[in-house]
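Open the model in your viewer and keep the selection box at hand. The stops below run from whole chains down to single residues.

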Amino acid sequence: MSLLSVRGLHVYLGQSHVLQGVEFDVPEGAVTALLGRNGVGKTTTLRSIVRLVSHHGDVQYAGASISSLPTHRIIQRGIAYVPEDREVFAGLTVAENLRLAVRNGDARYDLVHDLFPELRERAQQRAGTLSGGQQQMLTIGRALVNDNRLLLVDEPTKGLAPALVTEVAKALERIRDRTTVLLVEQNLGVVRKVAEHVVVLDQGRVAHAGPAGAFLEDRSLVHRLLGVA
Amino acid sequence: MSTFILLTITGLGLGAMYFLIASGLSLIYGLMGVLNFAHGTFLTVGAYASWWTSAHWFGGLGVLPRFLLGAVCGLVAGGLFAALVELVLIRPLYQRHIEQVLVTVGLSLAFVALVQGIWGPALRTYVVPGWLHRTTTVGGAHIPNDRWLEIATALAVLALLQLFLRRTRYGLIIRAGVENRAMVTALGIDVRRAFTLVFALGGVVAALAGVLGGVYFDTIDPNQGTSLLIFAFIVVVIGGLGSLTGSAVAAVVVGLLQQYVNYYASSGIGDMAVILLLGLVLLARPRGLAGTFAT
């Protein structure tokens with residue numbers, strides 16, 4: 001049963017036809033990794049699902065089309081978006097960043113602080129003064145503070161030190177027990193650890209979709225589609 | 001010494017009015033990216049609504065209640081007018097910045113013409129309580145009492161706006177929106193409501209500047225909003241777009257500089273000195289004294 005279904009997704013950025021009819025499903029209760037070389041449109045796919053970029057095509061979430069809804073209405077349906085460049089509000093404190101994300105009274109601060117104890121310790125610190133890893137924790141925490149059904153997470157380990165990559169991967173493993181995740185990730189070690197399914201983009205189209213284990217075992221396919229051994 | 005004190009307090013009074021106009025302008029630009037050239041009309045609405053209602057609705061009352069009730073009506077009118085401008089003229093042009101500039105410039109020009117058409121171009125005497133016309137002696141300087149009112153009002157507005165920004169959910173949304181509007185939307189927040197609220201708030205505070213402008217100059221006229229708006233824009237740029245504290249500091253600097261230079265150098269040179277200061281600040285700190293954060 002898919003929670004998210006993308007059909008015929010086309011996105012133009014200026015003169016560039018970035019997504020050329022992308023189609024895939026995200027099964028409920030699992031982590032689906034969206035993979036591909038740099039510039040194939042992974043981030044654009046996530047941003048177009050929540051309509052931060054305009055698109056043609058249909059996006060169905062929980063059986064209903066969300067293609068024509070404005071961004072805030074899509075998010076209010078239970079989708080959280082964790083952007084690639086963290087995008088914390090630098091002038092706000094950690095606590096204010098989390099409070100801003102709360103959509104109703106049932107904020108899951110305990111879960112967030114359990115996953116990332118540093119966010120409790122640094123609650124009154126300005127987010128702009130946090131390290132890259134701490135900012136990443138805050139961005140993920142902001143997405144987890146509400147009881148969302150779907151998380152769109154864009155390269156959460158990008159630019160992090162190896163120890164922090166492990167910490168973020170552990171957090172993703174714990175998240176997947178509660179929430180469906182569509183994860184853009186370059187680190188195949190993290191993908192191997194957390195993802196059940198993969199969707200691979202190539203030149204603006206889906207080149208492969210299937211179980212993560214089988215894909216990662218097929219070295220020639222991985223090399224052909226991702227350019228890594 | 002007494003002259004210096006008088007110039008300082010007068011400069012602070014003028015700076016207070018600049019701040020009242022600039023604070024709304026700064027928040028509107030910071031959050032929405034709208035250069036609101038119609039902001040002066042909010043001031044004019046406040047000034048004329050308070051003047052008209054105090055004469056026609058509260059004419060039978062004493063001077064003080066007339067002034068206070070008229071001022072309240074001016075603030076309400078300014079806030080409602082600003083919200084209407086956002087809903088009707090700005091919202092359909094969201095993210096179309098050139099069209100927004102054209103519309104707000106057009107509204108500014110049309111509104112002055114409308115006011116002139118209804119009440120004529122002449123100055124209108126603004127009735128204020130007698131105490132405001134008297135003076136208080138400080139260090140040998142006879143300070144007109146209205147200066148204290150202007151300074152106290154600006155300080156109160158600065159404190160209230162800071163409280164609003166720091167203690168309320170909408171304040172949090174505005175502070176975040178000034179930094180990254182798209183990300184606020186991506187948290188499931190309808191940022192358009194914050195737009196309307198910021199416009200209404202800016203309208204109320206600009207209308208307050210209109211009332212205080214009537215007190216400061218003893219008169220109101222259709223062009224008062226436009227002429228004060230120019231200096232308010234300079235204050236916003238010097239202070240840093242989106243920063244209330246930056247606007248407050250810049251307003252004081254601009255108000256004092258105008259007064260000192262006009263007296264100690266030559267009358268009329270004060271405005272040039274302000275333009276020069278603007279150029280120097282832009283060269284040294286292109287983002288102004290503060291900027292980026294709504295603080």
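Select chain A, in this predicted model. Chain A holds ten helices and ten strands. Its radius of gyration is 17 Å, close to the 17 Å that the globule rule gives for 229 residues, so chain A is as compact as a globular protein of that length. Turn the C-alpha trace along its principal axes: chain A spans about 45 × 40 × 35 Å. Colour by burial next, and 45% of the 229 residues in chain A come up as buried. Of the contacts in chain A between residues at least 6 apart in sequence, 68% join residues at least 24 apart.

**Two domains in chain A**

Give residues 2-78 + 149-226 one colour; that is domain 1 of chain A. Give 86-147 another for domain 2. The centres of the two domains, over C-alpha atoms, are 23 Å apart. Which residues meet there? Domain 1 of chain A brings eleven residues to the contact, and domain 2 of chain A brings eight. On the domain 1 side, select helix α7 (residues 162-175) of chain A: with five residues, α7 gives the most to that side. By type, the domain 1 side divides into eight nonpolar, two polar and one charged.

**Helix α6 of chain A**

Now select 132-144 in chain A, helix α6. At 1.5 Å a residue its 13 residues should span 18 Å, and the end C-alpha atoms are 18 Å apart, which agrees. Is this helix enclosed or open? Twelve of the 13 residues of α6(A) are buried, so the rest of the structure largely encloses α6(A). Among the buried ones are Gln135(A), Met137(A), Ile140(A), Arg142(A) and Leu144(A). Show what covers them: the cover includes β6 (79-82), α3, α4 (109-115), α5 (117-121), β7 (150-154) and α7 of chain A.

**Across to chain B**

Display both chains. Here 18 residues of chain A are in contact with 16 residues of chain B. On the chain A side, α2 (71-76) and α3 (94-101) are the elements that give two or more residues. That side divides into ten nonpolar, four polar and four charged.

Move to helix α6 (residues 169-179) of chain B. Eight of its eleven residues are buried, and the helix is mostly covered. Leu172(B), Ile174(B), Arg175(B) and Glu179(B) are among the buried residues. What packs against them? The list has α3 of chain A, together with α1 (2-32), α5 (145-167), α7 (181-185) and α8 (191-217) of chain B.

**The nonpolar core**

Select Leu152(A), Tyr18(B), Leu20(B), Ile21(B), Ala232(B) and Val235(B). Of the 166 residues in the largest nonpolar core, these touch the most other members. The core also draws at least three residues from each of domain 1 and domain 2 of chain A.

Zoom in on Ile21(B). Leaving aside neighbours within four places in sequence, Ile21(B) is in contact with His39(B), Leu43(B), Ala206(B), Ala209(B), Leu228(B), Leu229(B) and Ala232(B).

**Last stop: Val252(B)**

Find Val252(B) in helix α10 (residues 244-264) of chain B. Why does Val252(B) count as buried? There are 20 other C-beta atoms within 10 Å of Val252(B), and 20 or more is the cut-off for buried. Leaving aside neighbours within four places in sequence, Val252(B) is in contact with Leu12(B) and Gly15(B). Finish with a distance label from Val252(B) to Ala22(B): 230 residues apart in sequence, 12 Å apart in space, C-alpha to C-alpha.

Technical notes
Residues are numbered from 1 along each chain as its sequence is written. Chains are lettered from A and ligands numbered from 1 in the order in which they are written. This is a predicted model: local features need pLDDT of at least 70, side-chain atom pairs count only at pLDDT 80 or more; totals for chains, interfaces and linings use all residues. Two residues are in contact if their C-beta atoms, placed from the backbone, lie within 7 Å. Helices (H or I, at least four residues) and strands (E, at least two) are DSSP runs, numbered from the N terminus. Ala, Val, Leu, Ile, Met, Phe, Trp, Tyr, Cys and Pro count as nonpolar, Asp, Glu, Lys and Arg as charged, and the others, Gly among them, as polar. Domain bounds come from an automatic or database domain assignment. The expected span of a helix is 1.5 Å times one less than its number of residues. The radius of gyration is taken over C-alpha atoms; the globule rule is 2.2 Å times the number of residues to the power 0.38. A nonpolar core is a set of buried Ala, Val, Leu, Ile, Met, Phe, Trp, Tyr and Cys residues joined through C-beta atoms within 7 Å.
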